[in-house]
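Hi there,

Here is the structure I promised to pass on. Have a look at it first, and then read on for my notes.

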2 protein chains.
Amino acid sequence: MSKEADKIVQILKSKGLRVTPQRFAVYSNLLNRQDHPTAEQILVSLNQNSPTSSQATIYSSLQALRDVGLVREVLLEEGVCRYDANVSSHHHFRCKKCGCIEDIPWEQVEDVRFKALRPGLTVEQYEVTVQGVCDRCQ
Amino acid sequence: MSKEADKIVQILKSKGLRVTPQRFAVYSNLLNRQDHPTAEQILVSLNQNSPTSSQATIYSSLQALRDVGLVREVLLEEGVCRYDANVSSHHHFRCKKCGCIEDIPWEQVEDVRFKALRPGLTVEQYEVTVQGVCDRCQ
DNA sequence: CTTTGTGCAAACGATTTGCAGGATG
DNA sequence: CATCCTGCAAATCGTTTGCACAAAG
């Protein structure tokens, strides 16, 4: 087993998850892609060569991974739930033309300052969603 | 007909929409509430006294209103699509305890500055989603 | 060997659609 | 009176669930 695969196994174990081929596949697929796939896209990707996981298993793996904080959902379009294995604080960019989505590292957005936010509201976290045009679509 | 009702009629007409009782009801309901209701909540609200609009009509009215830019969708939770008649630039706050959502006026968030955003990305707009605790839940 | 995960198919909930009758401009 | 909207019920889409069998620790 490669070092990377071993690392993924360790991560899963450290979160108390049983390591099954399907769960491993879902998580490493998500770790290795930079787009923000939907459950359906992960299913297609995993099964394109040989059947690896069923639809129900993809969903339950994603749920398990989300529950232990290894993946998060990204909601930018109506009716579309995407998944992201990058759970550190970051923002998202979405191209209005091709619909591609990419991460914006936290450091690239200077601190957002709240001026006179309605008294009583306690801010715990915030996320900036940027819409625009990507380089390929310019 | 009241002045407000007349104003709503004018707005709908100015957008090229036929004014039907159902469409009027959906739009004015949305204008008069400060929460960000789902289609279902609008349906219940409109029909609580007497039947006003069917489910399918609520959806098609919302779609028509969205198409002409009178309402927008607000996506903050998985599988929940909310509607907002405030289409001016603004941000959203969501209470992690009670789940209530409220608008944050644009001016309350100082300009967000992007530092070294990946070259090639053109920013057209952005929205800040704040999560925290509201005053009622403190 | 106990617990948890998988796969299948059926169930589900939110939204959409087809169509016939009704209202709008 | 032509066009567009409404309401109903059926269809659809993404996601969840129940259950019998299989795999993990």
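Below is what I found, starting with the two domains of chain A and then turning to DNA strand C.

Please keep in mind that this is a predicted model.

**The two domains of chain A**

The domain assignment splits chain A into domain 1, covering 3–84, and domain 2, covering 90–132. Their C-alpha centres are 25 Å apart. Where the two touch, domain 1 of chain A contributes 9 residues and domain 2 of chain A contributes 8 residues.

Together the two domains bury about 690 Å² between them, and carbon and sulfur atoms make up 55% of that area. If you want to see where domain 1 of chain A puts its share, click on A:His36, A:Arg72 and A:Leu76: these supply 66% of the area it buries against domain 2 of chain A, more than any other three residues.

There are also polar links to look at. The rule finds 2 salt bridges across this interface. A:Arg94 forms a salt bridge with A:Glu77, with 3.6 Å between the closest N and O atoms. The count of residue pairs in polar contact between the two domains is 5.

On the domain 1 side, strand 1 (72–77) and strand 2 (80–84) of chain A each supply at least two of the touching residues. Strand 1 of chain A gives the most, with 4 residues. By type, the residues on this side of domain 1 divide into 2 nonpolar, 2 polar and 5 charged.

**Around DNA strand C**

Which residues come nearest to DNA strand C? Of the 19 around it, they are A:Arg18, A:Thr20, A:Arg23, A:Thr57 and B:Tyr59. On the DNA side, sugar and phosphate account for 77% of the atoms of strand C that come within 4 Å of the protein.

Three approaches to phosphate oxygens of DNA strand C can be followed atom by atom:

- A:Arg23 has a side-chain N or O atom 2.6 Å from a phosphate oxygen of the strand.
- A:Thr57 places a polar side-chain atom 2.6 Å from a phosphate oxygen of the strand.
- A:Thr52 uses a polar backbone atom, which is 3.4 Å from a phosphate oxygen of the strand.

Both protein chains take part in this surface: helix 2 (21–32) and helix 4 (55–67) of chain A, along with helix 4 (55–67) of chain B, each supply at least two residues. Helix 4 of chain B provides the largest share, 4 residues. The residues near DNA strand C comprise 7 nonpolar, 9 polar and 3 charged.

Happy to go through any of this with you.

Best wishes

How values were computed
Residues are numbered from 1 along each chain as its sequence is written. Chains are lettered from A and ligands numbered from 1 in the order in which they are written. This is a predicted model: local features need pLDDT of at least 70, side-chain atom pairs count only at pLDDT 80 or more; totals for chains, interfaces and linings use all residues. Side-chain values use heavy atoms; hydrogens and water are left out. Domain bounds come from an automatic or database domain assignment. Contact means heavy atoms within 4.5 Å. Buried area is the accessible area (1.4 Å probe) that two parts lose on being put together, summed over both. A salt bridge is a side-chain nitrogen of Lys or Arg within 4 Å of a carboxyl oxygen of Asp or Glu. A polar contact is a pair of N or O atoms within 3.5 Å; within protein, one must be able to donate a hydrogen and the other to accept it, and residues adjacent in sequence count only if both atoms are side-chain atoms. Ala, Val, Leu, Ile, Met, Phe, Trp, Tyr, Cys and Pro count as nonpolar, Asp, Glu, Lys and Arg as charged, and the others, Gly among them, as polar. A residue is near a molecule or strand if one of its heavy atoms lies within 4 Å of it.
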